[in-house]
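Q: I'm new to reading structures like this one. Could you pick one part, take a close look at it, and then show me how you'd read the rest in the same way?

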There are 2 protein chains.
Amino acid sequence: MKNWKEIEQKMQTLDALQHAMNKILYDMETIAPSGAIPKIGKTLETLSGIYYYELVDNGLLALIEAEKEADYLEAISIDAIELDDLSREEKAAGTFFGTTIEWDMMKELKREIQKISKIPADSYRAFQELSIIGHAKWLEAKAANDFAIFAPTLKKIIAYKKQYIEYQGYDQHPYDALLDDYEPGLTVTELDIFFSGLREKIIPFLKKINASEKMQAITDKKIGEGFFLQAKQEEFMVFLAKYIGYDFNRGQLGISAHPFSQSFSNDDARITTRYVEHDIYSSIFSILHEFGHAIYEQNIAEKLTMTPLGSGISMGIHESQSRFYENMIGRSESFWNPIYPAIQAFFPDSFADVCLADFIASINLVEQSFIRVEADELTYPLHIMVRYEIEKKLFSDTLTVEQLPEAWNTLMMEYLGITPANVNEGILQDIHWSQGYFGYFPTYALGSAYSAQFFEAMKREVDVEKDARDGDFTAITSFLARNIHQFGKLKTPKELMIDTTGEAFNPDYYIDYLIEKYSTLFLNK
Amino acid sequence: MKNWKEIEQKMQTLDALQHAMNKILYDMETIAPSGAIPKIGKTLETLSGIYYYELVDNGLLALIEAEKEADYLEAISIDAIELDDLSREEKAAGTFFGTTIEWDMMKELKREIQKISKIPADSYRAFQELSIIGHAKWLEAKAANDFAIFAPTLKKIIAYKKQYIEYQGYDQHPYDALLDDYEPGLTVTELDIFFSGLREKIIPFLKKINASEKMQAITDKKIGEGFFLQAKQEEFMVFLAKYIGYDFNRGQLGISAHPFSQSFSNDDARITTRYVEHDIYSSIFSILHEFGHAIYEQNIAEKLTMTPLGSGISMGIHESQSRFYENMIGRSESFWNPIYPAIQAFFPDSFADVCLADFIASINLVEQSFIRVEADELTYPLHIMVRYEIEKKLFSDTLTVEQLPEAWNTLMMEYLGITPANVNEGILQDIHWSQGYFGYFPTYALGSAYSAQFFEAMKREVDVEKDARDGDFTAITSFLARNIHQFGKLKTPKELMIDTTGEAFNPDYYIDYLIEKYSTLFLNK
């Protein structure tokens with residue numbers, strides 16, 4: 001372990017630089033004045049250059065490669081172990097999954113170094129600035145409802161990403177190189193199977209739901225319409241976030257154009273939302289969604305936070321947590337049962353005369369709609385498929401930026417049967433591409449599918465319905481903390497799935513969950 | 001100029017690291033959750049270590065020392081000159097004050113390197129964390145109104161500052177080493193003369209004002225009392241900040257325990273305030289004060305921003321700008337004349353029945369009060385003297401931390417004739433010491449004195465009263481931008497004073513200003 005002290009210091013440096021860049025980004029997306037953004041881009045470019053240098057060019061890899069695993073296994077003391085659910089044998093051996101945390105940190109660092117070192121430093125730096133300009137251009141285009149404002153910058157971003165794919169290499173599909181950044185090992189081959197399985201089951205089922213008289217009746221009642229003053233919404237959202245268990249002492253609720261969560265340590269995991277004054281459901285479900293991300297980060301073990309293992313393992317697992325709280329919990333009757341009077345009291349004009357059952361039906365209404373983040377659970381994966389098919393084509397050179405709005409509309413028609421009236425409710429709605437997040441969207445659907453399987457495993461141990469009805473989320477959250485959150489990046493998504501549910505990932509849980517849930521809501525008598 | 005490219009890159013690195021640390025601090029003081037602070041302290045410690053390394057130990061000084069001034073003077077092109085008010089000869093020569101901007105940047109860097117390199121790296125880093133803990137402890141102590149909570153950390157901060165003084169060295173008084181950080185070259189000898197001159201004139205004049213029947217009559221009217229809902233105040237402050245000319249596209253208004261301003265570039269100069277619901281004057285004058293700081297930073301020349309010369313030259317000059325807008329402008333009849341109906345409409349309960357003259361008298365009421373930031377202009381320097389005398393004693397080892405509350409009360413009695421009822425309105429009121437800002441306070445009084453002299457010079461060119469009455473601050477602000485703001489650190493305080501006013505600093509302007517203003521308000525018939 002001769003280099004460990006030095007490696008640890010370099011780890012701290014990398015974490016501090018990442019904290020700095022993330023804080024500047026967080027600030028930029030929440031409160032920074034728009035005129036400041038070009039210069040913030042320059043600063044981020046410089047910081048990313050320092051980060052690149054410290055990661056790739058300042059001797060870290062050599063330090064790591066000179067270390068021997070055996071020395072770590074020998075030196076590790078039982079005291080160093082703080083994680084909860086290790087086997088007795090692992091505890092005695094001072095190891096995790098056959099290794100030590102320190103060794104795992106070095107493995108993760110090595111993976112990161114090898115990935116980033118394939119990108120030339122100048123190109124890496126330049127992209128940081130480009131992504132800031134991308135974000136600004138996207139905001140500008142949205143404000144003008146005009147894709148042409150965003151298109152030239154988007155082209156540059158895609159060009160960089162294509163180069164990035166070449167740097168990283170791939171076995172089968174160029175898009176695989178991008179998928180790997182968000183869900184390590186995920187491929188087009190796997191996703192094609194996953195999505196076609198979903199489509200096959202969901203599209204016909206969706207037709208049945210569309211024909212449901214019960215659903216039509218609820219739709220006609222127009223529940224949830226009204227005017228919801230932002231200040232009043234803000235007050236309700238603080239109540240809701242606290243109720244589900246968000247610790248404001250280690251978190252914060254901000255406002256941004258697109259809801260997101262960002263953590264700087266396990267003691268500082270923040271969420272944002274946006275307020276739409278004619279739509280209370282928008283902020284309710286984005287709060288619950290982002291809470292799921294934040295609680296994951298807040299529960300990461302103390303020993304891992306601010307290290308290379310100190311955040312969620314993959315976007316798929318992250319989305320499984322956010323979509324669990326948003327949907328499995330947040331759209332259930334048992335969750336709202338105790339607090340429905342609260343929302344009625346906050347917004348009497350819209351809810352005083354609505355019974356709980358109708359409210360629950362209204363937050364689960366199935367509708368072929370335009371905006372992904374406001375979509376119901378059943379059509380949600382179809383929104384993801386639109387993006388997935390487009391991204392796949394973009395990176396196999398069968399689609400150009402000019403063709404994007406057209407391609408979007410075609411796929412929306414194919415999967416959802418509707419055509420957006422303008423680009424704001426079409427191609428411009430998501431922030432992701434403006435920051436170069438290609439390959440990210442599929443993890444939303446994958447995460448939803450993971451969450452259905454986790455949910456089944458949880459129900460074998462926890463009386464979720466009773467606990468939610470009692471307003472007690474301790475056992476629910478602690479199940480996730482114990483099995484998933486605390487490990488940060490120590491366990492792979494596959495390990496988390498097997499260790500938590502006893503079996504490998506199986507999308508049938510998701511399909512069954514959707515069909516059962518919506519049949520109960522709208523098809524059964 | 002063989003090293004200039006490399007030096008420039010290192011300058012960018014230093015600026016980006018400073019931006020990062022300042023943004024993390026800004027976030028911490030405005031929105032960060034309290035539980036996050038200890039880990040933020042660790043991150044700042046690490047970042048300050050990187051900054052120290054880049055500034056001191058990464059070869060920058062050697063690069064600078066290998067450069068020759070003559071090469072810069074020769075190579076500089078006219079195109080590079082963007083600043084406004086250079087002499088024709090200077091423009092032709094492509095020089096500023098006999099040198100080039102590039103050369104001045106290197107001089108400033110060299111000064112900074114020489115100063116910081118005297119502090120051992122570990123000590124420098126450790127202090128960054130200590131100042132975060134200091135801030136947290138100060139907040140905790142304030143919440144409990146208990147100095148004992150803050151005292152142990154304050155001792156550590158003072159111990160560091162004493163070491164810092166030894167590292168830096170001094171000629172006459174140890175406190176000089178601290179003063180120099182905020183106002184280069186300022187000494188105890190000069191300040192003793194400045195303050196005793198002030199005391200000699202102000203204390204007897206204050207007695208006259210206290211005896212003024214006119215003032216007593218206004219005091220008895222209790223103008224400005226009432227309840228001012230925070231949301232309503234926030235709305236009014238945005239109006240006020242826009243009215244005086246704050247560009248929200250390149251700035252932002254936040255909330256913090258202690259009002260401050262922070263800039264990240266000339267396109268991002270932010271201000272904060274705090275809202276006291278029984279005191280509207282508190283936020284009005286802190287907004288106008290912080291605006292003065294922010295407009296200074298916003299007007300710094302494009303060529304200087306994000307470089308070692310890209311911020312205000314000294315705290316004294318900075319305070320001259322903030323106190324100019326707060327007092328010379330913000331407490332004048334001509335400023336409020338056009339917008340008095342606005343504040344009456346915003347807060348009719350408190351102002352509808354008050355005439356403008358009484359309102360103006362009320363914002364200039366002289367009162368021996370406890371809180372510095374809410375003090376009138378006349379007693380304000382006495383508040384500063386309390387802090388100055390205490391700091392001087394602390395650093396000549398004639399006062400201990402335990403004796404602080406006692407010493408505070410004694411000086412308050414001596415200068416202001418009152419004794420605080422508790423530590424929150426005494427020793428705990430200011431944020432400065434918690435972050436190690438010893439030597440800062442005197443610049444507030446010095447800045448007030450500077451501003452009186454600048455004001456006189458401005459009035460020779462600009463009809464300030466007419467412009468304010470017309471709500472047109474263009475000529476006023478442009479005078480300051482042209483003579484002071486744009487130069488950043490290019491000119492010393494002494495140069496700014498002579499070039500702007502035609503003579504060296506003379507505190508008589510300040511004394512005359514105060515005596516004339518308050519005589520007119522409260523002594524003349």
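A: Let's start with the labels: a helix here is a DSSP run of H or I with at least four residues, a strand is a run of E with at least two, and the numbering goes from the N terminus. Keep in mind that this is a predicted model.

Our close-up is helix α24 of chain B, which covers residues 493–501. Its buried residues are Pro493(B), Leu496(B), Met497(B), Thr500(B) and Thr501(B). Look down the axis of α24(B) and those buried residues fall within an arc of 100 degrees, so they line one face of the helix. What sits over them? The cover includes three helices of chain B: α14 (315–329), α21 (442–461) and α23 (474–483). Right after α24(B) comes Gly502(B), with a positive phi near 85 degrees.

Now hop over to chain A, where there's an open sheet of three strands in the order β1-β3-β2, with mixed pairing. β1 (253–255) and β2 (261–265) of chain A are the edge strands, each with a single partner, so one side of each has no neighbour in the sheet. From one strand to the next, the twist averages 25 degrees. β1(A) and β3(A), the latter made of residues 268–273, run parallel and are joined by three bridges. Across that pair, Leu253(A) stands opposite Ile271(A) in β3(A).

Two helices lie across these strands. One is α1(A), residues 4–30, which lies across β1, β2 and β3 of chain A and runs at about 145 degrees to β2(A). Another is α13(A), residues 280–298, which also lies across β1, β2 and β3 of chain A, at about 165 degrees to β3(A).

α13(A) has a helix partner too: its axis and that of α12(A), residues 230–244, come within 10 Å and cross at roughly 30 degrees. That crossing is right-handed. Among the contact residues are Phe236(A) and Leu240(A) of α12(A), along with Ile284(A) and Phe291(A) of α13(A).

Finally, zoom out to both chains. A turn of 180 degrees and a shift of 0.0 Å along the axis lay chain B on chain A, with an RMSD of 0.0 Å. That's the relation of a two-fold axis. In chain B, the C-alpha nearest this axis belongs to Ala20(B), 2.7 Å from it. Both copies use the same surface, with 100% of the contact residues of chain B recurring in chain A.

Notes:
Residues numbered from 1 in each chain as written. Chains lettered and ligands numbered in written order. Predicted model: local features only at pLDDT ≥ 70, side-chain atom pairs only at ≥ 80, totals over all residues. Heavy atoms only, no water. Pairing = 2+ DSSP bridges. Axes fitted to C-alpha atoms, helices over the stretch in contact; angles between N-to-C directions. Contact = heavy atoms within 4.5 Å. Buried < 20%, exposed > 50% of the residue type's maximum accessible area, 1.4 Å probe, protein only. Arc of directions from axis to C-beta. Least-squares fit on C-alpha atoms with pLDDT ≥ 70 in both. Left-handed = near helix turned anticlockwise from the far one by under 90°.
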